[in-house]
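I opened this notebook to record what I looked up in one protein structure. The entries follow the order in which I worked.

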Amino acid sequence: QVQVVESGGGLVQPGGSLRLSCAASTSSFNIYDVSWHRQAPGKQRELVATITSSGSTNVVDSVKGRFTISRDNAKNTVYLQMNSLKPEDTAAYYCNLRYSARPSYSYWGQGTQVTVSS
């Protein structure tokens, strides 16, 4: 069983920045596609950004130009750099690891809260 732990959330003012980290307990971290999702109160969980095992990245339009996803396989960690934060970015942020060859190999963390408010 792979353990996934998110960190780096907190309270930040509009326009501020945060960097979220997603660390996983697996020696095969490099084979996983990793994605960040978020869920605001009363809303469905939504995809924010993805980085594949080969390093290809994608972010959704609502955060394009503000959020960047990256990975460090040596540290078994994926990062989500969030700049120019807006109140609508307030949500619990979750990390998911998924092995594309075996989609049932999918692991979620417990989430980290991001609150953007003045």
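**Entry 1: the disulfide.** I began with the link of Cys 22 and Cys 95, which is left-handed, with -75° about the S-S bond. I noted that the model is a predicted one. The two partners sit in distant parts of the chain, 73 residues apart: Cys 22 belongs to strand S3 and Cys 95 to strand S9 (residues 91-99). Their sulfur atoms are 2.0 Å from each other. I recalled that a disulfide is a covalent bond between the sulfur atoms of two cysteines. I then searched the whole structure and found one disulfide. Both Cys 22 and Cys 95 are buried.

**Entry 2: Ser 21.** I moved to Ser 21, which lies in strand S3, residues 18-24. Is Ser 21 buried or exposed? Its relative accessible area is 16%, under the 20% limit, so I entered Ser 21 as buried. Setting aside neighbours within four places in sequence, I listed the contacts of Ser 21: Val 5, Glu 6, Ser 7, Trp 36, Thr 77, Val 78 and Tyr 79.

**Entry 3: the nonpolar core.** Which residues touch the most other members of the largest nonpolar core? I found Trp 36, Leu 80, Met 82, Tyr 93 and Leu 97, out of 30 residues in that core. Several strands each supply at least two of its residues, among them S3, S4 (33-39), S8 (77-82) and S9. I added a general remark: in soluble globular proteins, nonpolar side chains tend to be buried together. For Met 82, again without neighbours within four places, I recorded contacts including Leu 18, Leu 20, Phe 67, Tyr 93 and Val 114.

**Entry 4: Asn 58.** I next looked up Asn 58, in strand S6 (residues 57-59). Asn 58 has 48% relative accessibility and therefore counts as partly exposed. Beyond four places in sequence, Asn 58 is in contact with Val 48, Ala 49 and Thr 50. I also checked Asn 58 against Asp 33: their C-alpha atoms are 11 Å apart, with their positions 25 residues apart along the chain.

**Entry 5: the whole protein.** I counted zero helices and 11 strands. Of the 118 residues, 42% count as buried. Among contacts with a separation of 6 or more, 55% are between residues 24 or more positions apart. Why did I describe the protein as agreeing with a compact globule? With 118 residues, such a globule would have a radius of gyration near 13 Å, and the protein has 14 Å. Along the principal axes, the C-alpha atoms fill a box of roughly 40 × 25 × 25 Å. Lastly, I noted an accessible surface of about 6200 Å², of which 45% belongs to carbon and sulfur atoms.

Key
Residues are numbered from 1 along each chain as its sequence is written. This is a predicted model: local features need pLDDT of at least 70, side-chain atom pairs count only at pLDDT 80 or more; totals for chains, interfaces and linings use all residues. Side-chain values use heavy atoms; hydrogens and water are left out. Helices (H or I, at least four residues) and strands (E, at least two) are DSSP runs, numbered from the N terminus. Buried means under 20% relative accessible area, exposed over 50%, partly exposed in between (1.4 Å probe, protein chains only). Contact means heavy atoms within 4.5 Å. A disulfide is a pair of cysteine sulfur atoms within 2.5 Å. A nonpolar core is a set of buried Ala, Val, Leu, Ile, Met, Phe, Trp, Tyr and Cys residues joined through side-chain atoms within 4.5 Å. The radius of gyration is taken over C-alpha atoms; the globule rule is 2.2 Å times the number of residues to the power 0.38. Accessible areas come from the Shrake-Rupley method with a 1.4 Å probe; for residues, only the protein chains shown count as cover.
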